[in-house]
Amino acid sequence: DKLNLRLGFMKLWGEFTDFKDAIGYTPVLGDDGQPAGGNTLYVFDATGQKIIRTPLYTLSASANYTVDLADGGEVIFSANAYHAGKEYRDADNRVTIPAYTVVNGEIGYRLPDSRVKLSLWGRNLFNEVYNLYILTGGTADSTVYARPRSFGVRLDMEFGR
């Protein structure tokens with residue numbers, strides 16, 4: 001009664017079936033063969049390439065466990081994990097977000113006979129470095145990284161309980 005487990009899995013076998021006028025970008029290279037800044041636009045047939053902005057698979061799991069205390073309060077333990085497989089960010093499948101896993105946790109205390117809960121939480125507990133998104137364009141490929149390991153305190157108040 002006090003334990004709640006959840007598991008989710010998604011697999012996608014998506015590819016473009018008819019995408020003849022796709023736009024792609026290739027990095028501009030200097031005389032030494034190294035990126036010199038910027039990208040060159042080109043049009044190509046992306047038919048058969050993997051669909052963009054969709055991980056090839058995802059897996060998620062979570063667990064919550066509640067301990068009743070003698071004084072009427074509760075301690076709630078929660079953890080969840082999310083794993084995403086490689087994700088393509090452009091139609092020519094040049095730019096990818098590698099697979100990553102994020103684990104979060106929380107310990108909460110609900111006051112006796114109360115609607116108030118105080119929680120300590122941690123996000124990205126293993127400090128996984130991963131991209132939230134990558135954008136390709138004519139001037140450059142750019143990315144935004146996800147937040148590193150972080151901790152906090154939260155106060156919840158339930159209404160209508």
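Begin by selecting Leu-3, Leu-5, Tyr-65, Phe-77 and Ile-107, which together make a nonpolar surface patch of about 510 Å². A patch here is built from residues with over 30% relative accessible area and no salt bridge, where nonpolar side chains (Val, Leu, Ile, Met, Phe, Trp, Tyr) are joined within 5 Å and like charges within 9 Å. The accessible areas come from the Shrake-Rupley method with a 1.4 Å probe, and for residues only the protein chains shown count as cover.

Before moving on, keep in mind that this is a predicted model, in which local features need pLDDT of at least 70 and side-chain atom pairs count only at pLDDT 80 or more, while totals for chains, interfaces and linings use all residues. Residues are numbered from 1 along each chain as its sequence is written, and side-chain values use heavy atoms, with hydrogens and water left out.

Stay with Leu-5 in the patch, and colour strand E1 (residues 3-11), where Leu-5 is found; strands (E, at least two residues) and helices (H or I, at least four) are DSSP runs, numbered from the N terminus. Is Leu-5 buried or exposed? Leu-5 counts as exposed, because its relative accessibility is 60%, and the cut-offs are under 20% relative accessible area for buried, over 50% for exposed and in between for partly exposed (1.4 Å probe, protein chains only).

Next, select Ile-76, which has its place in strand E5 (residues 74-84) and counts as buried at 10% relative accessibility. If you also select Lys-2, you can see two residues that are 74 residues apart along the chain, with their C-alpha atoms separated by 9.3 Å.

Now turn to the salt bridges, of which the structure holds 9; a salt bridge is a side-chain nitrogen of Lys or Arg within 4 Å of a carboxyl oxygen of Asp or Glu. Show the side chains of Arg-110 and Glu-74, which meet in a salt bridge at 3.2 Å, N to O. This pair links distant parts of the chain, since Arg-110 is in strand E8 (residues 100-110) and Glu-74 in strand E5, 36 residues apart. Arg-110 counts as buried at 11% relative accessibility, and Glu-74 is buried as well, with a relative accessible area of 18%. Add Glu-158 to the selection, and you have a network of salt bridges that links Glu-74, Arg-110 and Glu-158.

Select Glu-106 and Arg-154 for another salt bridge, in which the side chains meet at 2.7 Å, N to O. Here too the pair links distant parts of the chain, with Glu-106 in strand E8 and Arg-154 in strand E12 (residues 150-157), 48 residues apart. Glu-106 is buried, with a relative accessible area of 14%, whereas Arg-154 counts as partly exposed at 27% relative accessibility.

Move on to Asp-141 and Arg-94, whose side chains meet in a salt bridge at 2.9 Å, N to O. Asp-141 lies in strand E11 (residues 141-145) and Arg-94 in the loop between strand E6 (87-88) and strand E7 (96-97), so the pair ties together parts that are 47 residues apart in sequence. Asp-141 counts as partly exposed at 33% relative accessibility, and Arg-94 is partly exposed with a relative accessible area of 30%.

In the loop between E6 and E7, select Asn-93, a residue other than glycine whose phi is positive, near 60°. Most residues other than glycine have a negative phi. Asn-93 is buried, with a relative accessible area of 16%. For another positive phi, of about 60°, go to Arg-53, which is not a glycine either; Arg-53 lies in the loop between strand E3 (35-44) and strand E4 (57-68) and is partly exposed, with a relative accessible area of 49%.

Which residues line the largest cavity? Select Leu-12, Gly-14, Lys-50, Ile-51, Thr-54 and Leu-56 to see its lining, which divides into 3 nonpolar, 2 polar and 1 charged residues. About 30 Å³ of space lies in this cavity.

As a last stop, keep Leu-56 selected and add Glu-87, which is 31 residues away in sequence and 6.3 Å away in space, C-alpha to C-alpha. Glu-87 is found in strand E6 and is buried, with a relative accessible area of 10%.

Terms used: On a 1 Å grid over the protein atoms alone, a cavity is a set of points where a 1.4 Å probe fits but cannot get out, and a pocket is an open set with protein on both sides within 12 Å along at least five of seven lines; lining residues have an atom within 4 Å of a point. Grid points are joined across faces, edges and corners, and a volume is the space filled by probe spheres set on the points. Ala, Val, Leu, Ile, Met, Phe, Trp, Tyr, Cys and Pro count as nonpolar, Asp, Glu, Lys and Arg as charged, and the others, Gly among them, as polar.
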